[in-house]
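Me: Please take a close look at one part of this structure and describe it in a single connected account. I would like the terms explained as they come up.

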There are 4 protein chains.
Amino acid sequence: MSNDALDPAEASAEYGLPDPSDVLALDSLLAPDELALRQRIRDFTDQQIRPDIADWYEQGVFPMHLPAQLGELGVLGMHLEGYGCPGRSAVEYGLAAMELEAGDSGIRTFVSVQGSLAMSAIHKWGSEDQKQEWLPRMAAGEVIGCFALTEPTAGSDPSSMTTAARRDGTGEDAGWVLDGAKRWIGLASVADVMVVWARTDDGVRGFLVPAGTEGVTATPIGRKLSMRASIQCDVTFDGVRLGPEALLPGARGLSGPFSCLNEARYGIAWGAMGAARDSYEAALRYSMERLQFGKPLSGYQLTQEKLVNMLVEVQKGTMLALHLGRLKDSGRLRPEQISLAKLNNVREAITVAREARTILGGNGITLDYSPLRHAANLESVRTYEGTDEVHTLILGQHITGLPAFR
Amino acid sequence: MSNDALDPAEASAEYGLPDPSDVLALDSLLAPDELALRQRIRDFTDQQIRPDIADWYEQGVFPMHLPAQLGELGVLGMHLEGYGCPGRSAVEYGLAAMELEAGDSGIRTFVSVQGSLAMSAIHKWGSEDQKQEWLPRMAAGEVIGCFALTEPTAGSDPSSMTTAARRDGTGEDAGWVLDGAKRWIGLASVADVMVVWARTDDGVRGFLVPAGTEGVTATPIGRKLSMRASIQCDVTFDGVRLGPEALLPGARGLSGPFSCLNEARYGIAWGAMGAARDSYEAALRYSMERLQFGKPLSGYQLTQEKLVNMLVEVQKGTMLALHLGRLKDSGRLRPEQISLAKLNNVREAITVAREARTILGGNGITLDYSPLRHAANLESVRTYEGTDEVHTLILGQHITGLPAFR
Amino acid sequence: MSNDALDPAEASAEYGLPDPSDVLALDSLLAPDELALRQRIRDFTDQQIRPDIADWYEQGVFPMHLPAQLGELGVLGMHLEGYGCPGRSAVEYGLAAMELEAGDSGIRTFVSVQGSLAMSAIHKWGSEDQKQEWLPRMAAGEVIGCFALTEPTAGSDPSSMTTAARRDGTGEDAGWVLDGAKRWIGLASVADVMVVWARTDDGVRGFLVPAGTEGVTATPIGRKLSMRASIQCDVTFDGVRLGPEALLPGARGLSGPFSCLNEARYGIAWGAMGAARDSYEAALRYSMERLQFGKPLSGYQLTQEKLVNMLVEVQKGTMLALHLGRLKDSGRLRPEQISLAKLNNVREAITVAREARTILGGNGITLDYSPLRHAANLESVRTYEGTDEVHTLILGQHITGLPAFR
Amino acid sequence: MSNDALDPAEASAEYGLPDPSDVLALDSLLAPDELALRQRIRDFTDQQIRPDIADWYEQGVFPMHLPAQLGELGVLGMHLEGYGCPGRSAVEYGLAAMELEAGDSGIRTFVSVQGSLAMSAIHKWGSEDQKQEWLPRMAAGEVIGCFALTEPTAGSDPSSMTTAARRDGTGEDAGWVLDGAKRWIGLASVADVMVVWARTDDGVRGFLVPAGTEGVTATPIGRKLSMRASIQCDVTFDGVRLGPEALLPGARGLSGPFSCLNEARYGIAWGAMGAARDSYEAALRYSMERLQFGKPLSGYQLTQEKLVNMLVEVQKGTMLALHLGRLKDSGRLRPEQISLAKLNNVREAITVAREARTILGGNGITLDYSPLRHAANLESVRTYEGTDEVHTLILGQHITGLPAFR
């Protein structure tokens with residue numbers, strides 16, 4: 001059995017120690033409501049994710065019973081108002097992302113795709129009918145959504161999009177014909193509705209494409225070494241005919257999908273620290289129980305050095321995420337701040353997870369322990385929603401005024 | 001289909017470039033025979049490993065047809081003389097390890113376990129009968145051997161061994177009764193013969209335990225995130241009765257198994273650079289074909305920086321391995337030199353593989369590309385035969401005269 | 001002339017950019033009073049430190065006119081109440097440390113030695129007479145204090161202290177005789193009063209030793225490669241006779257000096273980020289003005305990568321310092337939190353300063369630019385008040401419960 | 001007194017240890033003649049450089065008596081044949097560079113400027129008269145040469161050169177008028193002859209300009225934080241009239257000076273490892289003598305980790321330099337190989353020197369110990385003859401075929 005289910009607070013109590021994951025007392029910056037919500041998500045992770053995540057991961061399956069549970073938990077479209085959405089704060093959303101990703105990045109990714117991408121797009125850019133039709137069921141986890149932006153040949157350059165929608169007829173009632181291909185589309189093969197971005201005569205526009213629409217094919221990408229308890233698909237659109245009501249009326253140009261990406265990146269900055277903290281805690285626990293030359297590993301200088309360096313990064317990254325959350329809740333969060341946090345937190349999280357894994361010795365290569373799984377997952381998280389390079393150059397342009405992308 | 005099958009020399013020809021994997025012209029340090037042997041192993045890897053490795057890895061299976069092929073290739077017990085062994089030089093053995101691990105660490109690990117551990121133990125410490133019985137068939141790959149030293153509670157501290165063999169009767173004909181448990185024993189569940197190290201009244205001794213001996217149970221460790229195309233087992237010995245002929249007469253004390261570990265570590269120092277080089281080459285190829293903003297990735301400063309840093313480490317590590325090989329062939333190789341090379345080459349290889357993976361973008365998380373698989377594999381390689389910490393402290397003691405293990 | 005005098009806010013205005021040193025809008029976490037105080041210190045640094053610091057550093061002199069100016073500025077014993085001290089908050093003290101160290105670590109070090117060490121010791125542990133005698137003049141910068149704790153053979157281990165004070169006579173009026181040696185004592189050769197820590201029959205006690213007391217010798221340590229605009233001394237005490245009034249009545253044991261060290265370390269965590277920010281800003285400015293192949297350096301990917309990585313660390317470290325300040329002002333700051341911040345902020349500051357220097361090309365090796373001077377200074381800062389290793393092991397013990405110092 | 005004078009071989013003997021600086025037995029790759037020459041240079045460094053280098057550095061002076069001593073030692077123009085030059089092999093030249101830079105980078109730099117730049121240019125491109133006039137006296141150290149290529153506004157881009165020479169009259173006897181400015185010109189203020197590169201109607205050409213020629217001004221760059229025992233100058237040429245015999249007949253275009261730069265870079269790759277080895281040895285010695293908590297520093301895990309990591313890089317870099325030397329002696333050394341070695345060896349050397357310094361605690365910031373001086377010196381070495389970025393992009397172009405300089 002894995003050690004991973006032990007709650008860090010319990011561990012702290014068990015060993016008579018201060019909370020080793022919050023040396024900086026960042027919890028003192030959270031309100032009682034926020035702490036309570038976090039505890040609720042943490043319990044969910046302990047009870048619904050940790051016991052089975054290794055099996056899901058080994059088998060490469062996304063647990064289809066989870067969306068409804070997550071809906072009940074109140075984390076789908078969590079930060080949205082109305083239409084059955086929980087309407088929680090950005091900080092609360094962040095705390096939830098952190099706790100869920102302490103379980104697994106793939107589960108947090110589902111929540112991001114559903115809430116920050118698909119629901120957020122409909123909430124921001126949809127018609128009243130579209131919102132009424134989809135959002136309540138999506139918030140409940142009865143309906144799964146996905147967000148089709150990335151294309152096979154242009155991971156980091158959405159402006160080179162080739163998927164296109166042309167008018168199917170003329171006049172008010174004219175629908176659309178959609179052709180093209182998308183890649184790395186989370187949950188597409190199980191989604192009930194897709195938010196698809198395509199070029200039109202009128203610039204990039206978004207469309208809602210229900211599951212089962214003729215001409216749509218979603219094929220899960222197989223043989224993955226990362227986020228195996230999640231689904232990413234290749235999606236093709238082959239002469240897909242859509243009615244006029246498929247169009248998201250509110251979004252024009254790439255700023256539409258980009259604003260959703262920023263929502264998702266915000267959640268990633270929090271989530272990555274969840275994976276990092278869980279890795280650190282797993283390594284700390286192991287080091288305190290595993291003897292080497294008759295002494296716990298945790299009593300050696302080389303181990304303490306690793307643990308401390310991990311702790312430092314987890315604490316800084318968490319503080320950064322919280323700062324972003326407070327800015328967001330006060331309406332002042334800017335895209336470059338999100339870039340900074342996404343860049344830093346995922347990069348540091350992967351470093352922490354890799355370092356944690358080294359403390360586990362040979363045992364660390366199995367799914368009995370979380371760090372190597374987290375490290376593998378974070379490979380996906382590091383790439384999606386903007387690689388290190390993309391965010392570095394976004395920030396580089398911000399501070400120098402000079403674009404260096406090309 | 002993966003890009004990985006393209007030979008680097010061909011790639012170099014295709015793009016009209018110098019050999020981008022050997023900027024330092026290290027090949028000029030190899031004799032024609034050595035180059036020819038390397039080419040033969042490289043071809044084997046291209047033809048017998050690369051086409052299927054992703055599937056083996058995904059399915060978590062060791063390809064049972066490979067041992068015979070590797071026997072035919074002449075890489076099993078490659079550096080041993082007589083008893084059907086190829087009798088090749090240490091450098092040749094190293095080159096073979098490098099090319100096989102360019103395919104997959106799991107395959108090279110099989111060759112190491114078979115040749116450097118099991119066969120080497122029998123060759124060094126076995127009786128004439130034992131050698132005659134096992135070595136020719138092991139060299140041919142007809143018989144698989146394993147090497148049972150590591151125990152569940154003492155990865156880096158073999159001196160705390162608890163597996164024990166006691167005399168079963170008295171006098172010349174007295175056999176042995178073996179009890180205990182081992183962990184991380186490569187190939188144990190498919191092995192025809194195990195070299196088992198156990199405490200006795202006479203210190204640590206080695207025993208040959210044929211497959212099927214009553215009381216021996218070997219259970220593959222499942223749910224691995226590393227070296228999935230390989231097998232490592234938990235092995236238990238429960239009142240296993242062995243005849244007197246089971247004892248390896250030549251080995252007394254831990255120096256016996258340790259000298260085999262040094263053989264294996266030598267091969268690892270080479271092998272890891274194979275995984276690193278293959279990662280670098282995969283990233284280089286991808287970067288030259290993948291366009292970003294209309295220009296190959298390889299034309300960007302941030303990509304070139306990564307490629308160059310990878311190249312530098314691959315070249316230095318390869319030079320280091322070759323230096324060790326020349327020392328070994330001249331009978332002057334010392335354990336601390338092997339520690340230095342094992343420490344450096346695996347550590348740098350894992351860094352290179354991780355960096356290579358970042359160049360592949362989202363596509364890099366699938367088994368269609370080798371770097372993330374190599375990085376995952378190297379997690380095992382980094383741990384087995386001595387972690388970074390163990391080799392650091394071995395070297396630390398060597399240069400300061402002070403042990404700091406405890 | 002150096003570029004360094006340009007104010008970052010001006011620079012931002014000049015280039016039509018957002019504030020490139022505060023992408024995270026950390027300034028929004030500061031109150032107007034705090035911002036005003038910071039601006040006042042920043043102006044002082046621009047006017048009184050930057051124009052001459054290169055010359056002071058080159059010549060290896062501490063500017064003896066500065067203490068009075070700093071007293072007038074209100075930064076000596078800044079966080080202390082009464083006795084002529086400014087009584088500012090911990091955050092304000094931190095902001096001042098940051099701005100002064102943006103000028104030079106040696107200047108900030110003087111302020112720390114004076115305020116956090118010498119004045120703080122007298123304020124905490126002194127008699128009313130001692131406070132009245134020394135604190136008002138020290139706050140004004142008329143009198144310089146120093147703090148003699150570290151000994152030549154025990155940089156990181158104050159418990160091995162050998163300097164000793166024995167009773168000189170008996171009864172109430174008995175004075176003391178002090179013998180021993182201290183090293184790395186800041187400002188000792190120009191100090192008017194020394195706070196000296198020594199073993200006694202009653203444990204470690206503190207003494208106030210006025211300049212000119214017979215038997216005291218303070219010799220500046222020469223040929224320094226770091227903090228050349230500052231003074232550190234070897235101090236010897238050879239049969240120094242002190243009256244009974246020399247004793248600091250309030251401090252018994254090492255917790256006395258240690259609580260002062262924590263005051264100083266708190267300021268260091270802020271100050272180091274000042275040196276880092278100034279290095280980043282110097283590199284950013286240079287990169288925007290220096291052309292390479294007809295384009296500003298700042299327009300190249302490799303430069304932007306460096307700048308962004310620097311920015312990220314400066315912002316995180318600043319946020320960490322501010323968090324500590326808020327904890328301190330609310331009476332909740334704990335020693336291990338200070339250890340975390342001292343470890344992180346100095347380590348990251350030195351990395352930032354070194355990286356900044358590489359952007360400056362050959363010009364970066366002169367005192368015309370600040371980064372290499374800051375990097376050199378931070379070598380001292382990294383060592384004093386606890387090396388990386390000491391703080392790592394303090395934190396290691398905190399989180400694991402196991403000491404690994406020995 | 002400094003510890004630095006202790007010979008590593010002696011240290012090894014003193015502590016009954018193997019040679020802690022050559023764990024890989026790289027010395028076994030050297031011929032007896034090579035070892036003898038190295039010992040001779042090592043002795044020179046011990047006797048002529050180490051005792052005084054701290055004072056020269058502190059005072060910022062180049063020791064003017066050294067050139068003659070170095071001439072006698074046979075290291076000026078060491079690898080050149082004829083004209084009084086020693087005609088030693090590339091490996092011998094490299095070994096000398098390594099031993100001299102173990103003393104100080106500034107001294108090795110003088111040898112490089114004299115031999116690899118100035119003498120090499122005259123030897124390669126000079127007329128018979130020019131060679132006869134200058135080389136013998138330069139080899140003897142009676143005459144100092146310098147090499148004026150770099151310009152103030154173009155450190156890494158010689159193709160933007162603005163210094164120009166125009167014909168002064170017409171016909172065979174026409175001389176030249178030289179105008180322009182150079183920067184970072186080593187030894188220029190004390191040089192007897194300058195090799196100056198300038199644009200002409202016929203492309204870039206080289207000129208020999210004797211000291212004292214009217215219109216030439218060389219001003220040492222002051223307030224340096226690096227290589228203070230060396231001289232670098234700003235040089236201006238203001239209507240400098242030269243006779244026709246000033247022209248170096250053999251060089252046309254930038255390939256002339258570039259081939260000299262490659263000579264110098266080759267020596268740097270060796271030299272940097274000398275500074276690194278000396279830093280490592282200084283830290284090792286200190287750690288064995290300095291007690292902490294009653295045990296030598298060298299007995300702690302955190303110290304051993306640092307020492308071992310330093311050792312590993314010193315050994316790899318030395319092996320790399322030696323490989324280049326063997327290639328050079330066999331006429332096969334290529335520019336991209338030199339770029340790889342310059343990039344790697346200086347970068348690693350600076351890392352080693354910085355790490356070594358941390359072992360020295362507070363004492364490490366003085367000139368009593370070499371590591372921080374080496375680290376400071378290597379800041380210059382890292383920049384001159386091509387920064388990390390320049391060599392990275394040279395190699396990047398080499399392996400990808402795509403230039404990414406602009």
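Reply: The rotation axis and the helix contacts

Among the residues of chain D, D:Lys316 comes closest to the rotation axis, its C-alpha lying at 3.3 Å. The model is predicted, so local features need pLDDT of at least 70 and side-chain atom pairs count only at pLDDT 80 or more, while totals for chains, interfaces and linings use all residues. Residues are numbered from 1 along each chain as its sequence is written, and chains are lettered from A in the order in which they are written.

A turn of 180 degrees with a shift of 0.0 Å along the axis lays chain D on chain B with an RMSD of 0.0 Å (least squares on C-alpha atoms of residues with pLDDT of at least 70 in both). The two copies are thus related as by a two-fold rotation axis. Of the interface residues of chain D, 100% are also interface residues in chain B, so the copies meet through the same surface.

Elsewhere, 41 residues of chain C are in contact with 41 residues of chain A (C-beta atoms, placed from the backbone, within 7 Å). On the side of chain C that touches chain A, α8(C) gives the most, with twelve residues (helices are DSSP runs of H or I, at least four residues), and this side has 25 nonpolar, twelve polar and four charged residues.

Within chain A, the axes of helix α9 (residues 335-359) and helix α10 (residues 371-383) come within 8 Å and cross at roughly 160 degrees (lines fitted to C-alpha atoms over the stretch in contact). Therefore α9(A) and α10(A) are roughly antiparallel to each other, a term for angles over 145 degrees.

Definitions and conventions: Contact = placed C-beta atoms within 7 Å. Helix = DSSP H or I, 4+ residues; strand = E, 2+ residues; numbered from the N terminus. Nonpolar A, V, L, I, M, F, W, Y, C, P; charged D, E, K, R; others polar. Axes fitted to C-alpha atoms, helices over the stretch in contact; angles between N-to-C directions. Parallel < 35°, antiparallel > 145°, perpendicular 65-115°, else oblique.
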